[in-house]
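Welcome, and thank you for taking a look at this protein with us. Please have the sequence and the 3D view open as you read.

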Amino acid sequence: MCDNIEATQSYQSLLSSTTNTRDLGGFPISAGRWTQRNRIWRSDAPVVFCETDEQRLKRLNITTIIDLRTDSEAEHKPCAYARRSGFEYQHFPITAGSVPPNTLEEVPFTYLQIAQQREATEAIHAIALAETGVLFCCTAGKDRTGVIAALLLSACAVDRRLIIEDYVVSRYYNQKRLERYLVEHPETDRRIVLADETSMERFLELFAEHCGGIEQYFEQSGLSTADLALIRRKLLPYI
């Protein structure tokens, strides 16, 4: 067992064929309200087809799949729903964060690179425009997916501490995957791949310093106020 990844409860992915599929719904916002469930899911890449999972995604109308993996990652392990009838698959290859940085201190700067990469803003635009529920993913659902999730939750004014906690919990969903990786790469600082709290905390600080906040990010990165409004309409109740 790897250090520091013991969990006190069981963490169950929303799909049986993945390990880290979770909902951006259920986060408290204001006045006793929560973000809407089953509108946007985050995940590791669903590369193994499962008929039960397909039926569940269709039943919940989560049929837009946004793949953030690099071209080589997606070619090596194709998304199981890329060519399935009833699904719309879109690929936005984000290269930043596709391999672990060399040091823990580099992680938040890598996350800033992810947020500023054109493919990241294109993915957010696609999520905003999607006419159905969305599942967005990368290989482990931790880094590239974690950054996009943080931006979407920030757009809905979810508390910073909850955004950090949502990032950290990937270590529990990905526990077996991370254990295997650390056995195969014993030279790696385990904090880099264990979703260390300080990585997301520092990224959010850097994001504020370089981007000025979520509204400014949408205005300056090729997105629009309309994209921001659509994201909020998907996730926030009564909008």
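Below is a short tour, from the whole chain down to single residues.

**The chain as a whole**

Please keep in mind that this is a predicted model. The protein chain holds twelve helices and five strands. Its radius of gyration is 17 Å, close to the 18 Å that the globule rule gives for 239 residues, so the chain is as compact as a globular protein of that length. Along the principal axes, the C-alpha atoms fill a box of roughly 50 × 45 × 35 Å.

How much of the chain is buried? Of the 239 residues, 52% count as buried. The chain exposes about 11,300 Å², and carbon and sulfur atoms supply 48% of that area. Contacts reach far along the sequence, too: among those with a separation of 6 or more, 73% are between residues 24 or more positions apart.

**The sheet**

Next, find the strands. The five strands form an open sheet in the order E1-E2-E5-E3-E4, and the pairing is mixed. Strand E1 (22-23) and strand E4 (88-91) stand at the edges with a single partner strand each, so one side of each has no neighbour in the sheet.

Strand E5 (residues 133-138) runs parallel to strand E2 (residues 40-44), and five bridges join the two. E5 also runs parallel to E3, again with five bridges between them. E3 in turn is joined to E4 by four bridges, and this pair is parallel as well.

A few bridge partners help to line the strands up by eye:

| Residue | Partner and its strand |
|---|---|
| Tryptophan 41 | leucine 135 in E5 |
| Serine 43 | cysteine 137 in E5 |
| Isoleucine 66 | phenylalanine 136 in E5 |
| Aspartate 67 | cysteine 137 in E5 |
| Isoleucine 65 | tyrosine 89 in E4 |

Cysteine 137 is a handy landmark here, as it appears opposite serine 43 and also as the bridge partner of aspartate 67.

**What covers the strands**

Are the residues of E5 buried or exposed? Six of its six residues are buried, so E5 is largely enclosed by the rest of the structure. In a regular strand the side chains alternate between the two faces of the sheet. In E5, both faces are covered: Gly133, Leu135 and Cys137 are buried on one side, and Val134, Phe136 and Cys138 are buried on the other. E3 is mostly covered too, with six of its six residues buried.

Which strands does helix H4 lie across? Helix H4 (residues 118-129) lies across E2, strand E3 (62-67), E4 and E5, and it runs at about 175° to E3.

**The cysteines**

A disulfide is a covalent bond between the sulfur atoms of two cysteines. How many disulfides does a search of the whole structure find? It finds zero. Cysteine 50 is in no disulfide, and the nearest cysteine sulfur, in cysteine 79, is 13 Å away. Cysteine 50 counts as buried, at 16% relative accessibility.

Why is cysteine 137 not bonded to cysteine 79? The sulfur of cysteine 79 is the closest cysteine sulfur to that of cysteine 137, but at 5.6 Å it is too far for a bond, because a disulfide needs the two sulfur atoms within 2.5 Å. Cysteine 137 is buried, with a relative accessible area of 0%.

**Two buried helix residues**

Let us finish with two residues in helices. Glutamate 54 is found in helix H1 (residues 51-59). Its relative accessible area is 8%, so glutamate 54 is buried. What does glutamate 54 touch, leaving aside its neighbours within four places in sequence? Its contacts there are Phe49, Tyr81, Arg84, Ser85 and Phe87.

Isoleucine 231 has its place in helix H12 (residues 225-235). At 0% relative accessibility, isoleucine 231 counts as buried. With neighbours within four places in sequence left aside, isoleucine 231 is in contact with Ile124, Ile127, Ala128, Leu152, Ala155 and Cys156. For a sense of distance, the C-alpha atoms of isoleucine 231 and glycine 86 are separated by 23 Å, and these two residues are 145 residues apart along the chain.

Conventions:
Residues are numbered from 1 along each chain as its sequence is written. This is a predicted model: local features need pLDDT of at least 70, side-chain atom pairs count only at pLDDT 80 or more; totals for chains, interfaces and linings use all residues. Side-chain values use heavy atoms; hydrogens and water are left out. Two strands pair if DSSP finds at least two bridges between them. Contact means heavy atoms within 4.5 Å. Axes are lines fitted to C-alpha atoms, for helices over the stretch in contact, and angles run from 0 to 180 degrees between N-to-C directions. Buried means under 20% relative accessible area, exposed over 50%, partly exposed in between (1.4 Å probe, protein chains only). The radius of gyration is taken over C-alpha atoms; the globule rule is 2.2 Å times the number of residues to the power 0.38. Accessible areas come from the Shrake-Rupley method with a 1.4 Å probe; for residues, only the protein chains shown count as cover.
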